[in-house]
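This report is for a reader who has not met this structure before. Please look over the sequence and the model before reading on.

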Amino acid sequence: MKCPIDGNELVITDRAGVEIDYCPKCRGVWLDRGELDKIIDRSAEQMAPPPQQARRAEPARHEDDGRYRKKKRRGFLDELFDFD
């Protein structure tokens, strides 16, 4: 199948049980019928609130200036669309 944007051949990959067609040049992503529904359902499962923890983890400090920064949490969609 050809990319509708630049005409390159699309690459098909399976990520977490969802087949994704993507263009390695423009990085466009195309989904077949029902695949977006799978992604939405799995994303909703990941968004469920975590159980309460007895003790809070200490925030990560930035090495350069000692300020505190929140750690970025990787979610289902980050893992699904990570083509590096």
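The text below goes from the whole chain to one helix, and then to charged side chains.

**The chain as a whole**

The model is predicted. Its protein chain has a mean pLDDT of 76, and 57% of its residues reach 70 or more. Confidence varies among the elements: strand 2 (residues 18–22) has the highest mean pLDDT, 90, while strand 4 (residues 60–61) has the lowest, 58.

The protein chain contains two helices and five strands. Read from the N terminus, their order is β-β-β-α-β-β-α. Of the 84 residues in the protein chain, 17% are buried. Among contacts with a separation of 6 or more, 34% are between residues 24 or more positions apart.

**Helix 1**

Helix 1 covers residues 35–46. It is made of twelve residues, and the distance from its first C-alpha to its last is 17 Å, close to the 16 Å expected at 1.5 Å a residue.

Which residues of helix 1 are buried? They are E35, I39 and S43. These residues lie on the same side of helix 1, because the arc they cover around the axis is only 70 degrees. The face turned away from that buried side carries the exposed residues D37, A44 and E45.

**E35**

E35 belongs to helix 1 and is one of its buried residues. Apart from neighbours within four places in sequence, E35 is in contact with V18 and E19.

E35 has no salt bridge, although it is buried. The nearest side chain of opposite charge is that of K38, at 6.0 Å. A salt bridge requires a side-chain nitrogen of Lys or Arg within 4 Å of a carboxyl oxygen of Asp or Glu, so a distance of 6.0 Å does not qualify.

**The salt bridge**

How many salt bridges does the structure hold? It holds one. The pair is E9 and K2, whose side chains meet with an N to O distance of 3.7 Å. The table gives the accessibility of both partners.

| Residue | Relative accessible area | Class |
|---|---|---|
| E9 | 44% | partly exposed |
| K2 | 55% | exposed |

The cut-off for exposed is over 50%, so K2 at 55% is classed as exposed. E9, at 44%, is partly exposed because its value lies between the limits of 20% and 50%.

Two glutamates have thus been described: E35 is buried without a salt bridge, whereas E9 is partly exposed and is joined to K2 by a salt bridge.

Technical notes:
Residues numbered from 1 in each chain as written. Predicted model: local features only at pLDDT ≥ 70, side-chain atom pairs only at ≥ 80, totals over all residues. Heavy atoms only, no water. Helix = DSSP H or I, 4+ residues; strand = E, 2+ residues; numbered from the N terminus. Buried < 20%, exposed > 50% of the residue type's maximum accessible area, 1.4 Å probe, protein only. Lys, Arg positive; Asp, Glu negative; His and termini not counted. Contact = heavy atoms within 4.5 Å. Expected span 1.5 Å × (residues − 1). Arc of directions from axis to C-beta. pLDDT = per-residue confidence, 0-100.
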